[in-house]
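Student: I would like a close look at a single part of this model. Please choose one stretch of the chain, go through it slowly, and then show me how it sits with its surroundings.

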Amino acid sequence: MGNIVMFIILAVVILGSAVLCVTTSRIMRAATFMLFVLFGVAGIYFLLDYTFLGAAQIAVYAGGVTMIYVFAIQLVSKQTLQGITEKVKSSRIICGALASLAGLVVVGFILLKTGFITLSMAGSDTELPMKEIGKALVGSDKYQYVLPFEFISVFLLACIIGGLVVSRKEEDK
């Protein structure tokens, strides 16, 4: 019973912070709400007794949000950080809502096509061992994730370098 209550509390914190993260117009508040979401997800990992994943969630993403704070301070103007922001057009809100709805439809279609929902409804008690999950994460065979992970790390490095180039002040000639 205690696990269910804790899960409900964490779910409310995650969902509330996620909604506030995407609806706020201030970048520092958005980063703070995202930090609450990531801590909530770590709490769910701890609730499921995945202590390593919970600790990795906190270590990796707390550092990531710290980097977001640094980039927000460097890349955003002083007026934006103080709360003087531009108004968002209603057409952008409608486009964002339609894109979110399209993403929801695609995820629902994939879940129905793969039969994941019917498997979870059947209540099978078989769990995938952590050893197989670890092999899938660091393996290089088909349907394993080490190569996509390396590609994403190179891509993120390129994004960081691009952010530094954009934030660099140009000298007057």
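Tutor: Let's take helix 2, whose buried residues are A30, A31, L35, V37, L38, G40, A42, G43 and I44. Please keep in mind as we go that this is a predicted model. "Buried" here means under 20% relative accessible area, while "exposed" means over 50%.

First, the helix itself. Helix 2 is made of 21 residues, and the span from its first C-alpha to its last is 30 Å. That is close to the 30 Å expected for a helix at 1.5 Å a residue. As background, the chain has eight helices and zero strands, so to read along it from the N terminus is to go α-α-α-α-α-α-α-α. Of its 173 residues, 13% count as buried.

Now to a neighbour. Helix 1 runs over residues 2-23 and has 22 residues. From first C-alpha to last, helix 1 reaches 32 Å, close to the 32 Å expected at 1.5 Å a residue. Which residues of helix 1 are buried? They are L10, I14, S17 and C21. These buried positions cover an arc of only 75° around the axis, and therefore they lie on the same side of helix 1. On the other side of helix 1 you will find I4, V12, L15 and T23, which are exposed. And here our chosen part comes back: helix 2, residues 27-47, is included in what covers the buried residues of helix 1.

You can also follow this pair of helices through a single residue of helix 1, M6. Counted by sequence, M6 and L47 are 41 residues apart, yet their C-alpha atoms are 8.0 Å apart in space. M6 itself has a relative accessibility of 38%, so it counts as partly exposed.

Next, look at what comes after helix 2. D49 follows helix 2 and has a positive phi, near 65°. The place of D49 is in the loop between helix 2 and helix 3. Is D49 buried or exposed? Its relative accessibility is 63%, which is over the 50% cut-off, so D49 counts as exposed. If you look at the backbone there, note that D49 has this positive phi although it is not a glycine.

Past that loop comes helix 3, where A56 is found. A42, one of the buried residues of helix 2, is 14 residues away from A56 in sequence, and the two are 8.4 Å apart in space, C-alpha to C-alpha. A56 has a relative accessible area of 26%, and so it is partly exposed.

A56 also leads us to the largest pocket. Of the 18 residues that line this pocket, F52, L53, A56, L137 and F149 lie nearest its centre. Which elements give two or more residues to that lining? They are helix 3 (51-75), helix 7 (130-138) and helix 8 (146-167). Helix 3 gives the most, with six residues. The space in the pocket is about 740 Å³. By class, its lining has 15 nonpolar residues, three polar ones and no charged ones.

Two more residues fill in the surroundings. S167 is found in helix 8, and at 24% relative accessibility it counts as partly exposed. Its C-alpha is 8.7 Å from that of F71, although S167 and F71 are 96 residues apart in sequence. G139 sits in the loop between helix 7 and helix 8. With a relative accessible area of 11%, G139 is buried. Leaving aside neighbours within four places in sequence, G139 is in contact with Q144, Y145 and V146.

To put pairs such as these into the setting of the chain, take the contacts with a separation of 6 or more: 51% of them are between residues 24 or more positions apart. As you go back to the structure, you could start from the buried residues of helix 2, A30 and I44 among them, then look to helix 1, whose buried residues helix 2 helps to cover, and finish at D49 in the loop that leads on to helix 3.

Key:
Residues numbered from 1 in each chain as written. Predicted model: local features only at pLDDT ≥ 70, side-chain atom pairs only at ≥ 80, totals over all residues. Heavy atoms only, no water. 1 Å grid on protein atoms, 1.4 Å probe; cavity = no way out; pocket = protein on both sides within 12 Å on 5 of 7 lines; lining within 4 Å. Points joined across faces, edges and corners; volume = space filled by probe spheres on them. Helix = DSSP H or I, 4+ residues; strand = E, 2+ residues; numbered from the N terminus. Nonpolar A, V, L, I, M, F, W, Y, C, P; charged D, E, K, R; others polar. Expected span 1.5 Å × (residues − 1). Buried < 20%, exposed > 50% of the residue type's maximum accessible area, 1.4 Å probe, protein only. Arc of directions from axis to C-beta. Contact = heavy atoms within 4.5 Å.
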